[in-house]
Each structure stands twice: as C-alpha cells, then as structure tokens.
Amino acid sequence: MCSITSSPETIDHPAVGSTAAWSEKVLHITITAKTADDMRTAYLFNSEQNSSLTELLAELGVIGDLLGDLSISQESITELLSRLPADLSPERRAVVETACKLVGKVTYFWGGNQG
C-alpha cells in the first residue's frame with residue numbers, strides 16, 4: 001500500500017519581449033510506500049490479525065521460494081498468443097499482449113518493500 005499526496009503550484013512567468021506574461025500550473029504528486037507496520041496501524045489490525053501478519057512476514061523467504069521464477073519465455077508467449085480465441089476482442093488481446101511483455105519487467109513488493 002502507498003499513500004498518495006498532491007500539491008498544486010502556480011509559477012508566474014513575466015513578459016519577455018513580445019511574449020505576454022503567463023502562468024504555469026504544476027501538480028506535484030508524491031507516492032510514499034507504507035511498511036507492514038504502517039498498515040497494521042492504518043487498518044487498525046486486531047491482535048489476531050497482527051499475529052497472522054507477523055507469522056506471514058517471518059515466512060517471506062519461503063513464500064518467495066515457492067513462487068520461484070515468474071518469467072516467461074518468448075516461445076511460451078508466442079504459444080499463448082496463438083491459442084487465444086479467434087473471436088477475442090482487440091482490446092482484450094491487447095491486454096494479454098501487454099501483460100506478456102511486462103512479465104519479469106514490472107515488479108511489485110508487498111508494502112513497497114523487498115524485504
């Protein structure tokens with residue numbers, strides 16, 4: 001989980017030569033990863049939930065080993081795409097194609113944390 005905050009900024013640019021003065025609006029967005037302990041507090045975990053989370057966190061290495069290598073070969077991608085239904089909509093086909101391109105390239109770590 002992440003917290004997202006934003007703040008607008010207006011930058012006034014003075015007139016220069018024949019160019020009139022103008023204002024620029026910039027939106028600053030900050031994304032901050034939350035730790036497991038942050039989430040315990042944010043979601044008001046009870047004692048049973050806290051105990052379960054503690055056990056889960058203690059086993060992260062084992063869980064990672066069970067997942068193994070989540071990459072996919074080009075041959076597997078080609079086969080997967082060839083087996084899609086002929087009447088699959090172009091939008092859905094594009095989703096599958098994009099997902100295949102991102103396997104192994106886009107990572108996600110629970111809580112934004114690798115360890």
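**Figure 1. Helix α2, its span and its cap.** In this predicted model, helix α2 covers residues 47-58. How far apart should the ends of its 12 residues be? At 1.5 Å a residue the helix should span 16 Å, and the end C-alpha atoms sit 17 Å apart, so the two values agree. The expected span is 1.5 Å times one less than the number of residues. Which residue caps the N-terminal end of α2? That job goes to N46, with a side-chain oxygen 3.0 Å from the backbone nitrogen of E48.

**Figure 2. L44, in the loop that leads from α1 to α2.** The loop between α1 (36-42) and α2 holds L44. Look at the backbone here: phi of L44 is near 50°, a positive value, and this residue is not a glycine. For context, most residues other than glycine have a negative phi. Is L44 buried or exposed? With a relative accessibility of 70%, L44 counts as exposed, since the cut-off for exposed is over 50%.

**Figure 3. R40 and its surroundings.** R40 belongs to helix α1. Despite being an arginine, R40 is buried, at a relative accessible area of 16%; the cut-off for buried is under 20%. Its side chain makes a polar contact of 2.8 Å with the side chain of D37. What else does R40 touch, if you skip its neighbours within four places in sequence? The list runs F45, N50, L53, T54 and L57.

**Figure 4. V26 on strand β2.** Strand β2 runs over residues 22-33, and V26 is part of it. V26 comes out as partly exposed, with a relative accessible area of 24%. Which residue 18 positions away along the chain has its C-alpha atom 5.8 Å from that of V26? The partner is P8. Setting aside residues up to four places away in sequence, V26 touches S7, P8, E9 and I11.

**Figure 5. A33 and S3.** A33 is also a residue of strand β2. At 39% relative accessibility, A33 counts as partly exposed. Along the chain A33 and S3 are 30 residues apart, yet 6.5 Å separates their C-alpha atoms.

**Figure 6. Where α4 meets α5.** Here you see helix α4 (residues 74-82) and helix α5 (residues 90-102), with axes that come within 11 Å and cross at roughly 170°. How do the two helices run relative to each other? They are roughly antiparallel, because an angle over 145 degrees counts as such. From α4, the residues I77, L80 and L81 take part, and they meet R93, V96, E97 and C100 of α5. Sorted by type, the residues of this contact are five nonpolar and two charged, with no polar ones.

**Figure 7. The whole chain, to place the close-ups.** Five helices and two strands make up the protein chain's tally of elements. What order do they follow along the sequence? The pattern reads β-β-α-α-α-α-α. Of the 115 residues in the protein chain, 7% are buried. R40, from the earlier view, is a buried residue. As for contacts with a separation of 6 or more, 42% of them in the protein chain involve residues 24 or more positions apart.

Note on methods
Residues numbered from 1 in each chain as written. Predicted model: local features only at pLDDT ≥ 70, side-chain atom pairs only at ≥ 80, totals over all residues. Heavy atoms only, no water. Axes fitted to C-alpha atoms, helices over the stretch in contact; angles between N-to-C directions. Helix = DSSP H or I, 4+ residues; strand = E, 2+ residues; numbered from the N terminus. Parallel < 35°, antiparallel > 145°, perpendicular 65-115°, else oblique. Contact = heavy atoms within 4.5 Å. Nonpolar A, V, L, I, M, F, W, Y, C, P; charged D, E, K, R; others polar. Polar contact = N/O pair within 3.5 Å; in protein donor to acceptor, adjacent residues only side chain to side chain. Buried < 20%, exposed > 50% of the residue type's maximum accessible area, 1.4 Å probe, protein only.
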